[in-house]
Amino acid sequence: MLAFSLLVALLCPGVWGTDPKARRAEGEGSGGREGGVAEPWCPYKVLSEDGPGRLCFRSPALGFHCAPERCTAHRSPGRALLANVLRNGSVLLQWAWPADQQPPLRGFALSCSWEGAYTRFQCESVRLGAACRDYLLADPHGSVRYRLCLQPVLGDGDEPAAVAECVEFTVEPAGMRDIVVAMTAVGGSICVMLVLICLLVAYLTENLTPSSAKRGS
């Protein structure tokens with residue numbers, strides 16, 4: 001059992017909640033674990049063209065809320081899928097789905113594509129368990145227009161249903177984020193310096209002007 005746990009931890013960076021970006025995403029929300037109660041695991045599989053993919057588990061970001069100063073929210077037209085673009089460059093997806101889904105809900109299929117200079121390229125596809133309600137996109141490219149679509153997998157089949165919730169967003173590049181922070185800090189310092197200079201000039205003009213010049217004026 002211990003050997004299996006170590007193998008899963010090595011193959012799945014986000015398992016057991018050890019992914020630093022996943023932890024930062026949880027930390028930037030307003031909630032989290034309550035009363036030390038164990039959280040349910042979210043099983044998911046990242047599909048690839050070379051094979052069937054690998055099964056991983058992640059701890060859901062319970063109680064996460066997108067704070068405006070640290071996160072930008074993008075919601076799908078149907079309001080069921082939400083993309084929280086965080087300042088650290090990661091994206092936390094959240095969704096809601098009716099509990100009384102008929103036929104029974106078996107899971108979710110998450111497909112991804114991003115728009116390049118001339119065409120739209122496919123990202124990796126993910127299959128998530130029925131208990132999953134969020135997924136962390138840890139390393140998206142900056143300045144790229146992403147389109148993510150979530151489809152339920154219903155009944156006895158493995159194919160997703162035709163209905164899909166899609167959301168589009170762009171992640172600000174890391175270099176641009178640093179430049180904006182630096183410009184904000186420098187701009188604030190320059191404003192303070194300009195105010196001090198104006199006050200100094202006014203003081204010198206008032207106190208060092210010859211008295212004859214004042215009477216003549």
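Cys66 makes a good place to begin: with a relative accessible area of 14%, this residue is buried, because anything under 20% falls in that class. The model described here is a predicted one. Cys66 has a bonded partner, Cys71, and the two are joined in a disulfide with an S to S distance of 2.0 Å. The partner is buried as well, as Cys71 has a relative accessibility of 5%. Looking along the link, the angle about the S-S bond is -110°, and the bridge of Cys66 and Cys71 is accordingly described as left-handed.

This bridge belongs to a wider set, since a search of the whole structure turns up four disulfides. Another of them connects Cys42 with Cys132, again with 2.0 Å from S to S. Here the angle about the S-S bond is 110°, and the link of Cys42 and Cys132 is right-handed. Cys42 sits in strand E1, which covers residues 42-47, while Cys132 sits in the loop between strand E8 (125-129) and strand E9 (134-137), so the bond ties together parts that are 90 residues apart in sequence. Both ends of this bridge are hidden from the surface: Cys42 is buried at 3% relative accessibility, and Cys132 is buried at 1%.

A further disulfide is formed by Cys149 and Cys166, whose sulfur atoms lie 2.0 Å apart. Distant parts of the chain are linked by this pair, with Cys149 in strand E10 (residues 145-154), Cys166 in strand E11 (residues 165-170), and their positions 17 residues apart in the sequence. The link of Cys149 and Cys166 is right-handed, with 110° about the S-S bond. As for their surroundings, Cys149 counts as buried at 12% relative accessibility, and Cys166 is buried with a relative accessible area of 15%.

Cys198 offers a contrast to these buried cysteines. Its relative accessible area is 53%, and Cys198 is therefore classed as exposed, the cut-off being over 50%.

Attention can now turn to the nonpolar surface. Ile190, Leu194, Ile197 and Val201 together make a nonpolar surface patch of about 360 Å². One of these residues, Val201, is located in helix H3, which spans residues 174-208. Val201 has a relative accessible area of 47% and is partly exposed, because this value lies between the limits of 20% for buried and 50% for exposed.

Finally, two residues stand out for their backbone angles. As background, most residues other than glycine have a negative phi. Arg79 is not a glycine, and yet its phi is positive, at about 70°. This arginine is found in the loop between strand E3 (71-75) and strand E4 (81-86). The side of the picture that concerns solvent is simple to state: Arg79 is exposed, with a relative accessible area of 57%.

Ser143 is the other case, again a residue other than glycine with a positive phi, here near 60°. Its place in the chain is the loop between E9 and E10. With a relative accessibility of 53%, Ser143 counts as exposed. Taken together, Arg79 lies in a loop and is exposed, and Ser143 likewise lies in a loop and is exposed.

Definitions and conventions:
Residues are numbered from 1 along each chain as its sequence is written. This is a predicted model: local features need pLDDT of at least 70, side-chain atom pairs count only at pLDDT 80 or more; totals for chains, interfaces and linings use all residues. Side-chain values use heavy atoms; hydrogens and water are left out. A disulfide is a pair of cysteine sulfur atoms within 2.5 Å. Helices (H or I, at least four residues) and strands (E, at least two) are DSSP runs, numbered from the N terminus. Buried means under 20% relative accessible area, exposed over 50%, partly exposed in between (1.4 Å probe, protein chains only). Patches are made of residues with over 30% relative accessible area and no salt bridge: like charges are joined within 9 Å, nonpolar side chains (Val, Leu, Ile, Met, Phe, Trp, Tyr) within 5 Å. Accessible areas come from the Shrake-Rupley method with a 1.4 Å probe; for residues, only the protein chains shown count as cover. A salt bridge is a side-chain nitrogen of Lys or Arg within 4 Å of a carboxyl oxygen of Asp or Glu.
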